[in-house]
Amino acid sequence: MTTYKLALIPGDGIGVDVTDAAMQVMGAAASRFGFALESENFPWSCAYYLEHGTMMPEDGIETLRGFDAIYLGAVGWPATVPDSVSLHGLLLPIRKAFNQYANIRPHRLLPGVEGPLKAEGFDILCIRENTEGEYSGAGGRVHEGKDNEVAVETSVFTRAGVERILRFGFEQARARRGHLTSVTKSNAQKYSMVFWNEVTRELAAEYPDVTVSHMHIDAMAAKMVMAPQDLDVVVASNLFGDILTDLGAAIQGGLGFAASANINPDRSAPSMFEPVHGSAPDIAGKNIANPIAAIWSGAQMLEHLGEAEASAAVLSAIEAATAKGIGIRPGLNTTDEITAAVIAALEA
Ligand code: IPM
Ligand code: MN
């Protein structure tokens, strides 16, 4: 029997609640489809920071490298640790160190879920660049606190980085409905985003079966609200993709439904799976967080591990639960009830 080694980082707040829920479902999928999951829990979080002064041990990255996949709940507890510290100490270094350059975020309405839009039948796959761009971390501050203070934060776009994310997007589009929308702001950002467009055009020549649209981020925000059904694969830079995927979460009914996979496509290091939502301190530990985004992220993990059938079954089980009205609105069901409904559908 194949055994997959998972590193679990539940993190903070509802990250703990939803990781537990997702792992119950993953365990049920493993028994049904005949593979084993062996998981090790890492308590790296803001609470860990308060005790140790770091979000993870110095050899944290090297420890994670030995696993087949990483599952992360959520990071952040701003009442005790500033987000700029907690995220730069755990989540963002993992994405970069393991070259998890493709952040895959699906946006569609699950059966029974009523989104805020009149639009229905949209199915968007957002591919967010996940290692460079606006999140490069290049910058600094001088004259802190003075009138002449300056803060600089530079976006970094490399040919290798832009090419690989776009190529990944083209491959996804080819496997789906054959349309790719590249999102930039090349009318205002005349170096990086014009460069991005050039690389898109170069690659488009290699994918004559994929139709390409170029959109500016502002127009794209409007499009996702007005006509999301026209979109297939959307490729965007790190920050643009971050913003668009919260919008994507909103149109699919809320952050409780938005799954995400941080993928290292060449498999030279583990990939990481985490729901888009954050730690939601206000509802943490109350058994009311919606675990569907987390379970869906788990399905993405199973697919990446090569368990396509189990992954599809977990997605169908989520859909069977929401089709019955379970978890379709905040406050309707507890975390445990939603998890149990998904497991029941998976085992049926
Ligand atoms: C996300 C989150 C993170 C990001 C934050 C927590 C740093 O918003 O995964 O979308 O911006 O990447
Ligand atoms: Mn985000």
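This report walks through a ligand site and a handful of residues in a predicted model.

## Before you start

The model is predicted, so to speak with its own confidence filter: local features need pLDDT of at least 70, side-chain atom pairs count only at pLDDT 80 or more, and totals for chains, interfaces and linings use all residues. Residues are numbered from 1 along each chain as its sequence is written, chains are lettered from A and ligands numbered from 1 in the order in which they are written, and side-chain values use heavy atoms, with hydrogens and water left out.

## Around ligand 1

Let's begin with the ligand. Its neighbours are L87, R95, R105, R128, Y135 and D242, where being around a molecule takes a heavy atom within 4 Å of it. Sorted by class, that shell holds two nonpolar, no polar and four charged residues. For that sorting, Ala, Val, Leu, Ile, Met, Phe, Trp, Tyr, Cys and Pro are nonpolar, Asp, Glu, Lys and Arg are charged, and the others, Gly among them, are polar.

Three of these side chains come up again when you look at the oxygen atoms of the ligand. R95 has a side-chain N or O atom 2.7 Å from an oxygen atom of ligand 1, and for R128 the value is also 2.7 Å. D242 places a polar side-chain atom 2.8 Å from an oxygen atom of ligand 1. On its own, ligand 1 has 320 Å² of accessible area, and the protein covers 77% of that. Areas like this come from the Shrake-Rupley method with a 1.4 Å probe; for residues, only the protein chains shown count as cover.

Where does ligand 1 sit? You'll find ligand 1 in the largest pocket. A pocket here is an open set of points on a 1 Å grid over the protein atoms alone, where a 1.4 Å probe fits and there is protein on both sides within 12 Å along at least five of seven lines. A molecule sits in one if more than half of its atoms lie within 2 Å of its grid points.

## Polar contacts inside the protein

D242 has another partner, this time through its backbone: its oxygen lies 3.0 Å from a polar atom of the T245 side chain. T245 is part of helix α9, residues 238-251. With 0% relative accessibility, T245 counts as buried (buried is under 20% relative accessible area, exposed is over 50%, and partly exposed is in between, using a 1.4 Å probe and protein chains only). Helices (H or I, at least four residues) and strands (E, at least two) are DSSP runs, numbered from the N terminus.

Over in strand β4 (residues 102-108) is H107. Its side chain makes a polar contact with that of Q252, at 2.8 Å. A polar contact is a pair of N or O atoms within 3.5 Å; within protein, one must be able to donate a hydrogen and the other to accept it, and residues adjacent in sequence count only if both atoms are side-chain atoms. H107 is buried because its relative accessibility is 1%.

## Loops on either side of β12

The loop between β11 (261-263) and β12 (271-273) is home to N264. N264 is buried, at 0% relative accessibility. A102 is 162 residues away from N264 in sequence, yet their C-alpha atoms are 6.7 Å apart in space.

R267 also has its place in the loop between β11 and β12. This residue counts as exposed because its relative accessibility is 53%. Most residues other than glycine have a negative phi. R267 has a positive one, near 60 degrees. N287, not a glycine either, has a positive phi of about 65 degrees. You'll find N287 in the loop between β12 and α10 (292-305), where its 25% relative accessibility makes it partly exposed.

## A few more stops

Buried or exposed: which word fits Y71? Y71 is buried, since its relative accessibility is 0%. It lies in strand β3, residues 69-74, and its C-alpha is 18 Å from that of A308, 237 residues away along the chain.

A160, in helix α6 (residues 159-175), is exposed at 56% relative accessibility. A160 and A21 are 139 residues apart in sequence, with 38 Å between their C-alpha atoms. Last comes V212 in strand β9, residues 211-216. V212 is partly exposed because its relative accessible area is 26%, and its C-alpha is 8.7 Å from that of R201, eleven residues away along the chain.

Methods:
1 Å grid on protein atoms, 1.4 Å probe; cavity = no way out; pocket = protein on both sides within 12 Å on 5 of 7 lines; lining within 4 Å.
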